[in-house]
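Me: Please take a close look at the metal site of this structure, and then set it beside the helices and the empty spaces elsewhere in the fold. I would like one connected account rather than a list.

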Amino acid sequence: MKERRILLVELHDRDGLSVWSECVAEAKTGYSSETIDTAWVALTDSIVPASIGQSFEKPNDAHTHFEKRFHDHPMARASVEMGLWALEALRSDRSLASLLASECADTASPKALVETGIALGMQSTPADLASRCQAAVREGYRRIKIKIEPGRDLEYVAAARRAVPSHIALTVDANCSYSLGSDDATLEALDKFHLSMIEQPLGRDAMVDHATLQSRLATPICLDESITGRERVDEMIERQSAQIVNLKPGRVGGFTESIAIHDRCLRARAPLWCGGMLESGVGRAYNVALASLPGFTLPGDLSPSSRYWDQDITTEPWTMDESGNVRVPLDRPGIGVDVNESLIDDLTVRHAQFSAR
Ligand code: MG
């Protein structure tokens with residue numbers, strides 16, 4: 001991807017506090033049926049008019065309010081719901097990470113550093129992929145994930161395996177592209193590469209087929225697209241469809257649902273990590289806060305700003321140290337980063353404003 005359209009939301013409360021949040025929908029359907037444009041319509045026609053001037057005791061109440069009315073627009077409603085969590089953090093003068101930690105079932109302290117992995121897109125040859133993997137190893141990433149699809153799999157995985165030393169986790173993400181029955185030989189052959197996980201090999205609704213596949217594989221399966229809410233995690237654990245969860249807060253409608261999923265995974269001892277949607281530095285702040293919770297036991301897709309952007313829209317770019325860690329801004333109330341408003345103004349192509357009377 002060479003260009004990324006971003007939908008930002010700025011929320012103001014009546015006391016004059018304000019926060020920025022981000023809707024993580026992409027420009028085109030594929031990963032999700034939501035897009036920037038469906039989210040724009042859902043937000044401007046429905047979600048924002050239904051929330052403006054409303055009084056919510058807690059951000060969780062906003063989740064309940066939105067979930068019933070706008071169920072099919074989780075990324076759109078998450079941009080408002082997560083902004084409300086950030087606003088609540090500001091109002092109570094604490095970091096977003098501390099607020100989220102205080103909402104977990106078992107009282108928790110947020111981590112000060114979160115481990116970072118990199119996701120590498122499809123490359124034109126196995127040799128190209130191997131050199132991208134070697135560069136990621138040199139940069140200090142704690143986990144390297146490569147994309148696979150039918151016809152571009154075993155040769156690529158073999159090349160990546162040779163390039164990534166065994167102390168760094170190597171994983172593959174199939175984004176729902178395989179089918180049980182027709183692709184069994186390929187999927188079973190992945191076991192020999194000692195991957196840390198195979199992410200979303202089958203379709204998003206294939207909970208039974210994933211269970212069948214998991215029973216045949218030594219490699220843990222991780223679900224991403226399938227995890228649309230806490231009930232899907234219950235089903236995954238119950239059926240043993242997979243062992244690991246990739247949680248993207250936008251995909252599940254925000255932080256209320258994310259914390260519920262975090263608590264379930266901790267209880268079931270299911271490893272959890274925070275996925276990415278090629279966010280700007282604003283969306284990154286929300287993911288870093290979430291990934292600081294104790295149940296996030298695996299490195300997340302939390303690459304520094306320089307991985308994606310010529311210039312990020314936050315005044316300070318997100319950075320990663322040489323050990324592959326991102327620092328959680330626990331010392332600052334709210335999301336912990338400032339936005340470059342003049343850069344946002346220069347980049348803005350569409351704008352709508354709503355006010356309570
Ligand atoms: Mg994925």
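Reply: The account below begins with the metal site, passes to two helices, and ends with the cavities and a pocket.

The model is a predicted one. Its magnesium ion has three residues as protein donors, Asp 173 (OD), Glu 199 (OE) and Asp 224 (OD), which lie 2.1 to 2.3 Å from the ion. Along the chain these donors follow the spacing D-x25-E-x24-D. Because Glu 199 belongs to strand β7 (residues 197–199) while Asp 224 sits in the loop between β8 and α9, this pair ties together parts that are 25 residues apart in sequence. Both Glu 199 and Asp 224 are buried.

Helix α8 spans residues 207–216, and its buried residues are Met 207, His 210, Ala 211, Leu 213 and Gln 214. They lie on the same side of α8, because the arc they cover around the axis is only 165 degrees. The elements that cover these buried residues include α7 (184–189), β8 (221–223) and α9 (230–239). The elements β8 and α9 thus appear in two settings: they flank the loop that holds Asp 224, and they are among the elements covering the buried residues of α8.

A second helix, α10 (residues 255–267), contains His 262. Is His 262 buried or exposed? His 262 has a relative accessibility of 1% and therefore counts as buried. Apart from neighbours within four places in sequence, the residues in contact with His 262 are Cys 104, Leu 272, Leu 293, Pro 294, Gly 295 and Phe 296.

The empty spaces come next. Rolling a probe the size of a water molecule over the atoms shows where empty space is left. In the whole structure, 4 cavities of 30 Å³ or more are found.

The largest cavity holds about 60 Å³ of space. Its lining consists of 13 residues, and those nearest its centre are Ala 97, Ala 289, Pro 329, Gly 334 and Ile 335. Helices α4 (96–102) and α11 (281–291) each supply at least two residues of this lining, with the largest share, 3 residues, coming from α11. By class, the lining of the largest cavity has 10 nonpolar residues, 3 polar residues and no charged ones.

The second largest cavity, with about 40 Å³ of space, is lined by Ser 21, Glu 22, Val 24, Ser 79, Met 82, Glu 279, Gly 283, Tyr 286 and Asn 287. Strand β2 (18–23), helix α3 (74–91) and helix α11 each supply at least two of its lining residues. Helix α11 again gives the largest share, 3 residues. The lining of this second largest cavity divides into 3 nonpolar, 4 polar and 2 charged residues.

Among the open spaces, the second largest pocket contains about 460 Å³. It is lined by 22 residues, and His 71, Pro 74, Arg 77, Thr 228 and Arg 251 are the closest to its centre. Helices α2 (59–69) and α3 each supply at least two residues of the pocket lining, and the largest share, 3 residues, comes from α3. Helix α3 also supplies at least two residues to the lining of the second largest cavity. The pocket lining comprises 4 nonpolar, 8 polar and 10 charged residues, whereas the lining of the largest cavity has no charged residues.

Notes:
Residues are numbered from 1 along each chain as its sequence is written. This is a predicted model: local features need pLDDT of at least 70, side-chain atom pairs count only at pLDDT 80 or more; totals for chains, interfaces and linings use all residues. Side-chain values use heavy atoms; hydrogens and water are left out. Buried means under 20% relative accessible area, exposed over 50%, partly exposed in between (1.4 Å probe, protein chains only). Helices (H or I, at least four residues) and strands (E, at least two) are DSSP runs, numbered from the N terminus. The arc is that of the directions from the helix axis to the C-beta atoms. Contact means heavy atoms within 4.5 Å. On a 1 Å grid over the protein atoms alone, a cavity is a set of points where a 1.4 Å probe fits but cannot get out, and a pocket is an open set with protein on both sides within 12 Å along at least five of seven lines; lining residues have an atom within 4 Å of a point. Grid points are joined across faces, edges and corners, and a volume is the space filled by probe spheres set on the points. Ala, Val, Leu, Ile, Met, Phe, Trp, Tyr, Cys and Pro count as nonpolar, Asp, Glu, Lys and Arg as charged, and the others, Gly among them, as polar. Donors are N, O and S atoms within 2.8 Å of the metal (3.2 Å for Na, K and Ca); water is not among the atoms, so sites may look incomplete.
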